[in-house]
Amino acid sequence: MTSAAFQQALARVGDGDDIRAEDLATLLGAVAPDQIAALHEAAYAVKVREVGKVVYFRGLIELGNLCVRDCVYCGIRRDNTIIERFTLSLDEIVQGARLAHEFGYGSLVLQGGEREDEAHTDFIAEALEKIHQATGGELAITLSLGEQTREVYRRWRQAGAHRYLLRMETTDHNLYAELHPDRTDWEARRRCLDYLREEEYHVGTGVMIGLPGQSLAQMAQDLLFYRAQDVDMIGMGPYIPHEDTPLGHHFAGFDAHRQLRLGLNMIACTRLLLPDANIASTTALQALDPHGREQGLLAGANVIMPNVTDTRHRASYQLYNGKPGLQENAPETRARLDAEITALGETVGYGQRGDAPRAVKRGLAIRP
Ligand code: SAH
């Protein structure tokens, strides 16, 4: 890519009114250090202008690894018989929420394998109520529990959830069907984003980046989807193989540098396309590089999700190989992240819920 062509693409995407898929593919494919720097700097400037030099922490609680789905890339897929299955108790969940609250994290993310049984629906509703009781209703709560019926989303919203992250994983229908042989219906998943919007959640989505065989053009379409869907939050990360999965087993030639580069370029492009959204710098970046999450912040992300639960179950929530932080407990994580963020010249938004300006403008500010 010549420098002039790259600069033109960056200028057009940065302007925001003439967005072309080819330009996005050009930006995503940047490998020359000066081009990467120009892209990340442009995105960082937009972030500073729109959401400030503030990083919001979301206390992450990994609820359990029981899962009804059989996604070919994921370490906690139904057919993985090697891992030990666990479900946190209500007490353990509330303990994690209390810790997040004490730490001044303004919000929580409850994530887990996908379940559809009524006992699970009830359990989540009860967990939401207990968390609010234990923390004075001060925390914003994001759920990331996959595809559910509209009724289930409604029930959880009423029980106190505010935000929902449902990754589409890829917006390419064929690739989606290959990755989810047991549930090939991409549109059914996308419809869930509508349900979530109708139930007045702050809505987030995302994809995996750099899947085997995935082209820059497909990733550019993922970006255009974010914009077309007009979401408030993005949580995405590079694909990393897991050896006990059908996809991870076959994926020779994994290139961690490429995955990190693509992951960061995707964040930067997302910030240019959705200036006032919340964008997470996810653990998968850290798995590729010890400082991957900080690099994500410098490429335009503004949210980090430190784990707040006991380290006991971490090894059983390995979605991909080399997931970091298996040993590090919550206070250590907080101290390390705080120091790193300060060193970047940013501050942590302690005690704040950190709603995406995009959601607030929509009239979705969270009221206690
Ligand atoms: N069941 C929930 C949460 C799933 S786990 C849901 O569907 O929303 C959270 C995310 O981890 C997944 O959405 C997927 O994007 C990511 N993930 C799973 N396996 C991965 C892998 N091998 N590499 C990178 N990310 C992965």
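**View 1. Contacts across the whole chain.** Among contacts in the chain between residues at least 6 apart in sequence, 75% join residues at least 24 apart. This is a predicted model, and it's worth keeping that in mind for every view below. The chain is built from 15 helices and 11 strands. Its C-alpha trace spans about 60 × 40 × 40 Å along the principal axes. A compact globule of 368 residues would have a radius of gyration near 21 Å, and the chain agrees with that at 19 Å.

**View 2. The surface and its charges.** Start with burial: 58% of the 368 residues count as buried. The accessible surface adds up to about 14500 Å², and carbon and sulfur atoms account for 50% of that. As for charge, there are 39 positive and 51 negative side chains. How far apart do the centres of the two sets lie? They lie 3 Å apart.

**View 3. Cys71 and Cys74, a pair without a bond.** A disulfide is a covalent bond between the sulfur atoms of two cysteines. Searching the whole structure for disulfides turns up 0. Cys71 is in no disulfide, and the nearest cysteine sulfur, that of Cys74, sits 6.0 Å away. Why is there no bond from Cys74 to Cys71? Because a disulfide needs the two sulfur atoms within 2.5 Å, and the 6.0 Å between the sulfurs of Cys74 and Cys71 is too far for a bond. Cys71 is buried, with a relative accessible area of 12%, and Cys74 is buried too, at 14%.

**View 4. Arg58, a charged residue out of sight.** Here we zoom in on strand 1, residues 54-64, where Arg58 has its place. Is Arg58 buried or exposed? With a relative accessibility of 4%, Arg58 counts as buried. Leaving out residues up to four places away in sequence, Arg58 touches a long list of partners, among them Tyr105, Ser107 and Val109. Other partners of Arg58 come from further along the chain, including Asn278, Val303, Ile304, Met305 and Pro306, as well as Arg353 and Gly354. Arg163 is also one of the residues that Arg58 touches. For a sense of scale, the C-alpha atoms of Arg58 and Met266 are 21 Å apart in space, with the two positions 208 residues apart in sequence.

**View 5. Glu346, tucked into a loop.** Glu346 is in the loop that runs between helix 14 (330-343) and strand 11 (347-348). How accessible is Glu346? Its relative accessibility is 3%, so it counts as buried. Not counting residues up to four places away in sequence, Glu346 touches Tyr44, Lys47, Lys53, Val54, Val55 and Ile341. Look across to Arg163 as well: it is 183 residues from Glu346 along the chain, and the two C-alpha atoms are separated by 25 Å.

**View 6. Ser144 at the end of a strand.** Strand 3 covers residues 140-144, and Ser144 lies in it. Which residues does Ser144 contact, setting aside neighbours within four places in sequence? They are Leu110, Gln111, Gly112, Tyr164 and Leu165. Ser144 counts as buried, with 10% relative accessibility. Gly113 is 31 residues from Ser144 along the chain, and 8.8 Å separates their C-alpha atoms.

**View 7. Thr26 in helix 2.** Helix 2 takes in residues 21-28, with Thr26 among them. Thr26 is buried, at a relative accessible area of 19%. Once residues up to four places away in sequence are left out, Thr26 touches Met1, Phe6 and Ala9. Ala42 is 16 residues from Thr26 along the chain, and their C-alpha atoms are 15 Å apart.

**View 8. Glu200 and Asp230, two loop residues with positive phi.** Glu200 is in the loop between helix 8 (186-198) and strand 5 (202-205). What is the phi of Glu200? It is near 65 degrees, a positive value in a residue other than glycine. Asp230 lies in the loop between helix 9 (216-229) and strand 7 (233-234), and its phi, near 55 degrees, is also positive. Glu200 is partly exposed, with a relative accessible area of 49%. Asp230 is partly exposed as well, at 29%.

How values were computed:
Residues are numbered from 1 along each chain as its sequence is written. This is a predicted model: local features need pLDDT of at least 70, side-chain atom pairs count only at pLDDT 80 or more; totals for chains, interfaces and linings use all residues. Side-chain values use heavy atoms; hydrogens and water are left out. Helices (H or I, at least four residues) and strands (E, at least two) are DSSP runs, numbered from the N terminus. The radius of gyration is taken over C-alpha atoms; the globule rule is 2.2 Å times the number of residues to the power 0.38. Buried means under 20% relative accessible area, exposed over 50%, partly exposed in between (1.4 Å probe, protein chains only). Contact means heavy atoms within 4.5 Å. Accessible areas come from the Shrake-Rupley method with a 1.4 Å probe; for residues, only the protein chains shown count as cover. Lys and Arg count as positive and Asp and Glu as negative; His and the chain ends are not counted. The place of a charge is taken as NZ of Lys, CZ of Arg, CG of Asp or CD of Glu.
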